[in-house]
Amino acid sequence: MSTTALATPIRVNTAGVHARPGLGRLVAVELRKMVDTRAGFWIQVAMVALTVVVVVVRLLVGDAADHTFRPVVDAGLQPAAILLPVLGILLVTSEWTQRTALITFTLVPVRSRVLGAKLIASLLSAVTMLAISVAIVAAGVLVSSPGVEGAWSDAAPLIGQSAVYLTAGMVIGVAWGAILRASAPAIVLLFALPTASMALVSLPVFAGVGPWVDNAHALGQMTAEVMSATQWAHAATSLTLWMVLPLLIGAWRVTRGEVTA
Amino acid sequence: MIQANGLTKQLGGRTVVSDVTFRCEPGTVTGFLGPNGAGKTTTMRMLVGLSEPDSGEARILGARYRDLPNPGRRVGILLDASAQHTGRRGREALVVSAHTMGVPAQRVDELLELVGLDETAARRRVGKYSLGMRQRLGLAHALLGDPEVLILDEPANGLDPEGMRWMRGLLRGFADRGGTVLLSSHLLAEVEAVADRMIIIAGGRVQAQGTRAELLTESTTIVEADDLAGLDAALRRAGLATHPADGDRRLVEAEPEAVARAAMVDGVVLLRLAPAEGAGLERLFFELTA
């Protein structure tokens with residue numbers, strides 16, 4: 001390996017030396033971290049590719065009358081819904097599993113700012129993925145059922161609900177990543193907990209409580225139908241339990257104590 | 001400038017760092033020496049806010065580290081060269097940090113060149129790097145923000161002798177331009193050639209600190225004679241503690257003059273007589289850290 005003779009380091013941009021990195025810059029850095037590693041890059045490629053596959057398959061089965069926006073978007077959002085939380089988990093856990101927390105938290109010692117930037121970057125990524133998914137679904141519906149009546153009925157509220165669906169999933173991923181700081185356990189919990197909770201609330205003891213705490217159910221209906229006020233109330237309580245609470249615990253874990261990476 | 005005042009830290013019920021106090025001035029290189037597990041890394045983590053001291057406090061450039069608005073532009077840190085995302089390309093790892101602290105991307109290429117990572121290496125993923133390459137990347141990372149203070153934990157680890165010589169030149173130049181350097185090592189040889197001051201730590205406590213001259217209050221002498229047995233007898237009679245050294249030499253715990261007088265009494269011809277400061281420092285290091 002060659003070694004270069006030491007040149008006097010050039011003093012650059014001294015005006016920026018004392019300026020605290022703005023939140024916008026931190027968000028841009030976190031967005032970059034989502035795509036500049038192999039794992040992050042391929043998860044996003046997979047999300048788009050799977051969305052195309054799912055939409056095409058959904059349009060190939062059944063009659064043209066079935067190929068309206070509502071059922072196709074219900075299917076077409078699933079790849080993003082499954083993989084976005086994984087992306088959110090990795091965005092947080094990789095700081096620990098790859099030990100970059102040592103760098104990140106020495107460059108930005110106020111750890112809550114890093115977590116905030118990750119959260120905003122995750123939301124931006126989820127919204128982008130929503131736009132891509134909806135565009136693929138819409139293109140499919142346009143091609144397969146041009147003249148079908150009511151092909152676009154309820155499209156606007158469904159897109160709005162889908163936005164809540166995908167961003168909530170993403171935030172849940174970030175929250176569990178922050179709590180566990182290890183990718184595999186966080187991913188397993190992410191998929192196992194809703195199933196476990198579903199099984200638990202199906203017990204007769206919890207009859208009546210179920211809809212209020214069953215997150216999988218509350219989120220699942222968001223892409224399927226236009227939700228009633230009661231359904232929104234169910235979603236609000238279960239998201240408080242499964243998204244807001246884990247996020248608070250995760251934030252507490254990240255911002256306090258030793259950086260053990 | 002770096003100041004540590006009474007830093008104390010317990011981890012898992014064990015006192016890892018106990019009342020560590022020191023000061024590193026601008027324009028100097030300070031060697032932070034101690035065996036593995038002596039508390040060097042924990043002390044450095046407390047300096048940069050990754051670990052909260054149980055008591056005592058650390059200040060860098062007059063402020064607590066976390067109160068520096070954009071610390072990357074003032075303090076260059078290399079705590080662990082392996083703490084990089086293995087799936088990220090070398091250049092990209094630097095670009096991410098450059099963006100964070102607001103350093104233009106061209107600076108990344110200048111530093112890659114400075115540390116001797118060529119374009120092929122910069123394009124490879126860090127997971128494929130050798131330890132020596134990671135250290136070079138880590139040094140480039142520490143220098144990225146054009147800092148005034150460098151805090152480096154075992155930076156020579158994994159570097160070949162040529163790389164070590166290069167790094168010493170780099171740190172010397174940095175200090176000569178007014179920078180402050182604190183570098184740790186468990187090997188005396190790695191730091192004694194470059195350090196102006198040394199802090200020797202063992203068992204979480206500072207055992208000694210000062211300049212090389214201050215640390216070496218007691219001098220030792222390297223001596224070589226054609227009649228080794230005669231030399232040994234003469235030194236024994238004079239009551240001078242003697243240790244064998246390489247190449248049929250003797251290391252004597254005394255000034256050269258005392259050794260010469262002892263040899264003269266027995267008429268032993270000396271082939272070589274020289275102060276052995278390095279060996280003395282090494283012995284001091286072993287004694288303090290044993």
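The exercises below, each with a worked solution, deal with a predicted model.

**Exercise 1**

Task: Find which strands of chain B stand at the edges of the sheet with the order 11-12-10-13.

Solution:
- Start with the sheet itself. It is open, has 4 strands of chain B and is paired in the antiparallel sense.
- Next, take the pairing of strand 11 (residues 242-245) of chain B with strand 12 of chain B. These two run antiparallel and are joined by 4 bridges.
- Two residue pairs can be located here. B:Thr242 has B:Val252 in strand 12 of chain B as its bridge partner, and B:Pro244 has B:Arg250 in strand 12 of chain B.
- Then follow the order to strand 10 (residues 221-225) of chain B, which pairs with strand 12 (residues 249-252) of chain B over 3 bridges, again antiparallel. Here B:Ile222 is opposite B:Leu251 in strand 12 of chain B.
- Now read off the ends of the order 11-12-10-13. Strand 11 and strand 13 (270-275) of chain B each have a single partner strand, so one side of each has no neighbour in the sheet, and these are the edge strands.
- From one strand to the next in this sheet, the twist averages 25°.

**Exercise 2**

Task: State which strands of that sheet helix 9 and helix 10 of chain B lie across, and at what angles they run.

Solution:
- Helix 9 (residues 228-237) of chain B lies across strand 10, strand 11 and strand 12 of chain B. Its direction is at about 135° to strand 10 of chain B.
- Helix 10 (residues 256-266) of chain B lies across strand 10, strand 12 and strand 13 of chain B. Its direction is at about 160° to strand 13 of chain B.

**Exercise 3**

Task: Describe the sheet of chain B with the order 2-1-4 and the helix that packs on it.

Solution:
- The sheet is open and consists of 3 strands with antiparallel pairing.
- Strand 2 (14-24) and strand 4 (55-60) of chain B are the edge strands, each pairing on one side only.
- The average twist from one strand to the next is 20°.
- Strand 1 (residues 2-11) of chain B pairs with strand 2 of chain B over 7 bridges, in the antiparallel sense. In this pairing B:Leu11 stands opposite B:Arg14 in strand 2 of chain B.
- Helix 1 (residues 40-47) of chain B packs on the sheet and touches strand 1, strand 2 and strand 4 of chain B. The direction of this helix makes about 120° with that of strand 1 of chain B.

**Exercise 4**

Task: Decide whether helix 2 and helix 4 of chain A are roughly parallel or roughly antiparallel.

Solution:
- Take the crossing angle of helix 2 of chain A and helix 4 (residues 78-97) of chain A. It is roughly 170°, and the axes come within 9 Å.
- Compare with the cut-off: angles over 145 degrees count as roughly antiparallel. Helix 2 of chain A is therefore roughly antiparallel to helix 4 of chain A.
- Look at the residues that meet. Among them are A:Ile43, A:Met47 and A:Leu50 in helix 2 of chain A, and A:Leu83, A:Val86 and A:Leu90 in helix 4 of chain A.
- Sort the contact by class: 12 residues are nonpolar, 3 are polar and none is charged.

**Exercise 5**

Task: Determine which helix gives the largest share of the side of chain A that touches chain B.

Solution:
- Begin with the totals: 41 residues of chain A are in contact with 42 residues of chain B.
- On the side of chain A, the elements that give two or more residues are helix 1 (23-35), helix 2 (38-60) and helix 5 (101-107) of chain A.
- The largest share, 6 residues, comes from helix 1 of chain A.
- By class, this side of chain A has 21 nonpolar, 11 polar and 9 charged residues.

Key: Residues numbered from 1 in each chain as written. Chains lettered and ligands numbered in written order. Predicted model: local features only at pLDDT ≥ 70, side-chain atom pairs only at ≥ 80, totals over all residues. Pairing = 2+ DSSP bridges. Axes fitted to C-alpha atoms, helices over the stretch in contact; angles between N-to-C directions. Contact = placed C-beta atoms within 7 Å. Nonpolar A, V, L, I, M, F, W, Y, C, P; charged D, E, K, R; others polar. Parallel < 35°, antiparallel > 145°, perpendicular 65-115°, else oblique.
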